[in-house]
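Could you walk me around this structure, one selection at a time? I have it open in my viewer and would like to know where to click next and what I will find there.

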Amino acid sequence: MSIINKLASFENDIDFPKLWKRGAVVSVLLVVLSLGAIFGLTLNLGIDFEGGSAWEVPAPGVTVADARDVLRPLGEENAKIQIVGDDTLRVQAETVDDVQRNEITDALAELAGVERAEVSVSTVGPTWGEEISSKALRALIVFFVLISAYIWIRLEWKMAVGALVAVLHDLIICVGVYALFQFEVTPATVIAFLTILGYSLYDTIVVYDKVAENANRSGLAGKMTYTEMMSLSLNQVLMRSLNTTLTSIMPILAMLIVGSFILGAVTLQEFSVALLVGLISGAYSSIFVATPLVAWLKEREPEYRSIRARLEGTEARKARNDDDRNDGEGRTAKVGSGTAPTLSGRAIPARPRKQGKRR
Amino acid sequence: MRRNGLSSLLFIVVLTVVGLGLTLAAGNAPLLGLDLQGGVSVVYEPAEPVSDEALSQTIEIIRRRVDALGVAEPEIGRQGDAIVVQLPGVKDPDVALAVIGQTAELRFRPVLETVPILPDSTTTSTLEGETTTTVAGDTTTSSTTAAGSDTTETTDTTVPDEVTAESLGIELTAPEDDVADAEVILDSIEGERLRLGPTLLTGEALSTAEARLSGQTGGVWTVNMTMRGGADGIDAFNEAATACFDRTPTCPSGRLAITLDGEVQSAPTIQTPTFERDAIQISGSFTESEAKDLALVLKFGALPVELVPQQTQAVSATLGKDALDAGIISGIVGLLLVAIYMIAYYRLLGVVAMLSLALSGSLLWVVISYLGENRGLALTLAGVTGIIVSIGVAVDSNVVFYEHLKEDVSRGRTLRSSVDGSFASAFSTIVKADIASLIGAAVLWSLTVGPVRGFAFYLGLATLLDLVASYFFMRPLTVMLAKSPRFADRNRWFGLPAPPEAEPEAVPA
């Protein structure tokens, strides 16, 4: 049976704890690389953060060199010039005064052969960006505090810690990607970063909720270590995570490809790159960061320590019996040992049927 | 349960249809933001911290200036300390900026003469009786005011019949020519047109002003001004007052006009040569709101908020339309991809998911149109992105439910027996995750400015509607399908594993 079929029919049995170790290495590498890029290369901040002016005009057939030639006599040969989408010319310059700005607007209109009103101009004062950033930062901190409190109340504090670490992990990687590839950071990017937090949390909460559900299930209590239960929960929600990630990626990919590359809407492009990275990272971190962290924290609790000790004792005893006898109830699944794929959705007894249901 | 499901299904479908019908009937459509239809947007911030009252007053002043520009649907609002001005359809940001951004300076100018208003103007002849505003100097704060003097007024108004003087070519001074030391012709808010001399003093001389109900005359509203002390304050004012009182050539009419933004706010006749710093009263036939408005103008015009443009954006109509098209097309393509995937994977349930998405999308359209039409809430590109992103959130609710259902069925239960329980536990997950999204949206909305706010608003709205659609639409429809005898043994139609053989009741006889 292929893995897809197994997934679709709930017979997947991936030994997540084994993968977690590799995941930890990957995550640490990515985070270190990202931090290195952020501090080593610094972010490419757009005019909204640094102050300056930007022009956009539809200019079919105009090249970057043409634009530079036009801007040179105006003393702006160092302006950043791009062709975005098909034929939109985009020029960015540091802070210029009103007269200069008008001259550039006129020059670009002439170059593109359009009316002056067809040139979009945006100007940002030098302090505005700082303010946006500081407000976004404040929003971020408040967000973290509220979300932690919420998860703490609805689930437990260890999960709040796990979720926060996972979110930070995603955020660092996304910002790192922007630093590494020198993508321009604009307010739209900041929005996208903030959305990523939402996605990442959403995924993590779905996993945690499943874990909490399993932990309260009478059939499971005391029969599995916490780590095993997490692995089981991850197997159970894996298809949901894949499907959700896929269906979330589809509109974003459409936005990236149709919106920005074909139609040249710069804002859409700014959004979608960050969202794409964040979405993938969010799905990954809910499985490889948020979950192992909570497993590690929970295994230190006396209750789960004793379960582990007891179960390991059982394993050891069973290992001495060479014939690996099954106790006939299919309950002492050897999860985590990696020897036999006995843990599956089917290994769990069905919940008792509720009475009084229509048949 | 079944009837309950049916009624909630009916309720939500009828609500949506009625909502859509009303929206179409009223001709409501989403109000497009500047980045989607073209126009000028400016974000101002005060140069230094100011009070809420001063900021509201500033917004009022800006609104008046924008109205003077003749912009169709201006949006002027506050976001924190920032003032956001949006002018759809305006093409040249410079003109708009020049008119809006000038600092509001209050000026005191002598009235040289009253000039006729050209015949095309309709506000005309009722002026005379109204020009009774007086400055009463009450050194002893009380009786000398003689507020009764309203009637014994020095009616300077030798207003020539308004139609006679069209040939004089008397035109209003253009806003850009309204400089402090030039002679200007301005209209007063009371409907007069006045020729004014150069500015004698500015609002800097004024300390504060308030509207007051004068006691002894019973129910007469007056405005009291307090000047600053010293040469630039009361001394300058008294110099002007004396000139007017003596009707010297600088001030032949005896009236001192107070102007703000090229408009005469009041032009009282001076009745005393000198005044005490804190006992200057403007009396006249003010209503309460007129008096309060004038006091506000004096107070904040006196200490104008200096506005610094932080961000200006001029979007051409073409680029705006391109962005809108790009947003719509990528939304449709994304939606199609999701629909194909969901239906291929979940079959009938995928169809339910898409119907549910269509329903919450319709409700979203209704709400956005309503807010756009009635609250002036514009849909920006950031908002469009928020909505596209929320497609993922909405579909996820379905996925969480269906996967739960599949899990239960794969454990050997029948579809019809597991559907209710599955929804209960899946919905609890959906609510937890959606609330986390809502907290995020609320924090972003309340603590940030500009495009981030728009994005947060629409993301939050779409998330709420997702909860509604999940509970009132997806649940009952799925339950009804799952329990319908027609699909009893057709798990494949639901993209579910085949029913285990050990379930005899699932096999029809």
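Two strands count as paired if DSSP finds at least two bridges between them. Strands (E, at least two residues) and helices (H or I, at least four) are DSSP runs, numbered from the N terminus. Before we start: this is a predicted model, in which local features need pLDDT of at least 70 and side-chain atom pairs count only at pLDDT 80 or more, while totals for chains, interfaces and linings use all residues. Residues are numbered from 1 along each chain as its sequence is written, and chains are lettered from A and ligands numbered from 1 in the order in which they are written.

**Stop 1: a sheet shared by both chains.** Select β3(A), β4(A), β2(A), β5(A), β16(B), β2(B), β4(B) and β3(B), in that order: they form an open sheet of eight strands with antiparallel pairing. At its edges you find β3 (80-84) of chain A and β3 (75-79) of chain B, each pairing on one side only. On average, neighbouring strands here are turned by 15 degrees against each other, direction ignored (axes are lines fitted to C-alpha atoms, for helices over the stretch in contact, and angles run from 0 to 180 degrees between N-to-C directions).

**Stop 2: where the chains join.** Zoom in on β5 (residues 120-124) of chain A, which four bridges join to β16(B) in antiparallel fashion. Which residue stands opposite A:S122? Click on B:Q313 in β16(B) to see that partner. β5(A) also pairs with β2 (residues 52-58) of chain A, antiparallel and over five bridges; there, A:W55 stands opposite A:V121.

**Stop 3: a helix across the strands.** Now pick α4 (residues 64-71) of chain A, which lies across β3 and β4 (88-93) of chain A and runs at about 145 degrees to β3(A).

**Stop 4: the interface.** Colour the 72 residues of chain B that are in contact with 70 residues of chain A (contact means C-beta atoms, placed from the backbone, within 7 Å). The largest share of this side of chain B, 18 residues, comes from α7(B).

**Stop 5: confidence.** Finally, colour chain A by pLDDT, the predictor's confidence in each residue, from 0 to 100. The mean for chain A is 77, and 80% of its residues reach 70 or more. Among the elements of chain A, helix α7 (residues 157-180) has the highest mean, 91, and helix α1 (residues 3-8) the lowest, 59. Over residues 322-359 of chain A, pLDDT stays under 50.

Methods
Contact = placed C-beta atoms within 7 Å.
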